[in-house]
Amino acid sequence: MYKSWLGSFLVVCSLTGFGCYSKSERQIDEVSVVSLASYSINADSIEFDALSNGCSHNQDFAIEVVNETKHSAQISIIRLKVDGCRKMPAYQGFKLPLYNSLIGKEIHINNPKGKVISE
């Protein structure tokens, strides 16, 4: 009786654990360059507006350096984690710190311009 109860318990626990591992908690297989509605490059950070379904955070994005010279750099903002919420997509503001190697350089953003969302 003990073995059958333990086996049933382990099956239920494993199913419960997999069910709680939602898509919003997983990282995406391939990083993707996000469309930006706007952006602003500050002395030590970049602020931008990207689409969110309500569950995106600053740490879900990263700066990818495409090309860097002594005086300038081309970068892209990429999404690292899927926003698995079901809220209607809307542009939301995010902020990322610049890498030390980018501070003081002329920065060009490669991200595409975001589309206007009509309600």
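Trainee: Does Phe-61 count as buried or exposed, and what is its relative accessibility?

Mentor: Bear in mind that this is a predicted model. Buried means under 20% relative accessible area, and Phe-61, at 3% relative accessibility, therefore counts as buried.

Trainee: Which aromatic pair does Phe-61 form, and how should I read its geometry?

Mentor: A pair of aromatic rings is described by the distance of the centres and the angle of the planes. By the pairing rule the count comes to three aromatic pairs. One of them joins Phe-61 and Phe-94, with 4.6 Å from centre to centre and 45° between the planes, and this pair is tilted. It links distant parts of the chain, since Phe-61 lies in strand β4 (residues 61–68) and Phe-94 in strand β6, 33 residues apart. Phe-94 is buried as well, with a relative accessible area of 4%.

Trainee: Which residues form the aromatic cluster?

Mentor: Phe-48, Phe-61 and Phe-94 form one aromatic cluster. Phe-48 can also be read through its backbone, where this residue of β3 is the bridge partner of Tyr-39.

Trainee: In what order do the strands of the open sheet stand, and what is the pairing?

Mentor: The three strands run in the order β2-β3-β6, and the pairing is antiparallel. An edge strand pairs on one side only, and here the edge strands are β2 (36–41) and β6 (90–97). From one strand to the next, the twist averages 20°. Between β2 and strand β3 (residues 45–52), the antiparallel pairing extends over five bridges.

Trainee: What separates the C-alpha atoms of Leu-96 and Ser-45?

Mentor: These C-alpha atoms are separated by 5.6 Å, although the two residues are 51 residues apart along the chain. Leu-96 has its place in strand β6, and at 8% relative accessibility Leu-96 counts as buried.

Trainee: Turning to the surface, which residues make the nonpolar patch?

Mentor: The nonpolar surface patch is made by Leu-51, Met-88 and Ile-117, and covers about 250 Å². Patch residues need over 30% relative accessible area. Ile-117 has 35% relative accessibility and so counts as partly exposed. In the chain, Ile-117 is found in the segment after β7 (106–109).

Trainee: So I should set the buried Phe-61, at 3% relative accessibility, beside the partly exposed Ile-117, at 35%.

Mentor: Yes, and with Phe-61 you should keep in view its tilted pairing with Phe-94, whereas with Ile-117 you should keep in view the patch made with Leu-51 and Met-88.

Key
Residues are numbered from 1 along each chain as its sequence is written. This is a predicted model: local features need pLDDT of at least 70, side-chain atom pairs count only at pLDDT 80 or more; totals for chains, interfaces and linings use all residues. Side-chain values use heavy atoms; hydrogens and water are left out. Patches are made of residues with over 30% relative accessible area and no salt bridge: like charges are joined within 9 Å, nonpolar side chains (Val, Leu, Ile, Met, Phe, Trp, Tyr) within 5 Å. Accessible areas come from the Shrake-Rupley method with a 1.4 Å probe; for residues, only the protein chains shown count as cover. A salt bridge is a side-chain nitrogen of Lys or Arg within 4 Å of a carboxyl oxygen of Asp or Glu. Helices (H or I, at least four residues) and strands (E, at least two) are DSSP runs, numbered from the N terminus. Buried means under 20% relative accessible area, exposed over 50%, partly exposed in between (1.4 Å probe, protein chains only). Two strands pair if DSSP finds at least two bridges between them. Axes are lines fitted to C-alpha atoms, for helices over the stretch in contact, and angles run from 0 to 180 degrees between N-to-C directions. Rings of Phe, Tyr and Trp (its six-membered ring) pair if their centres lie within 6.5 Å; planes under 30 degrees apart count as stacked, over 60 as edge-to-face and the rest as tilted.
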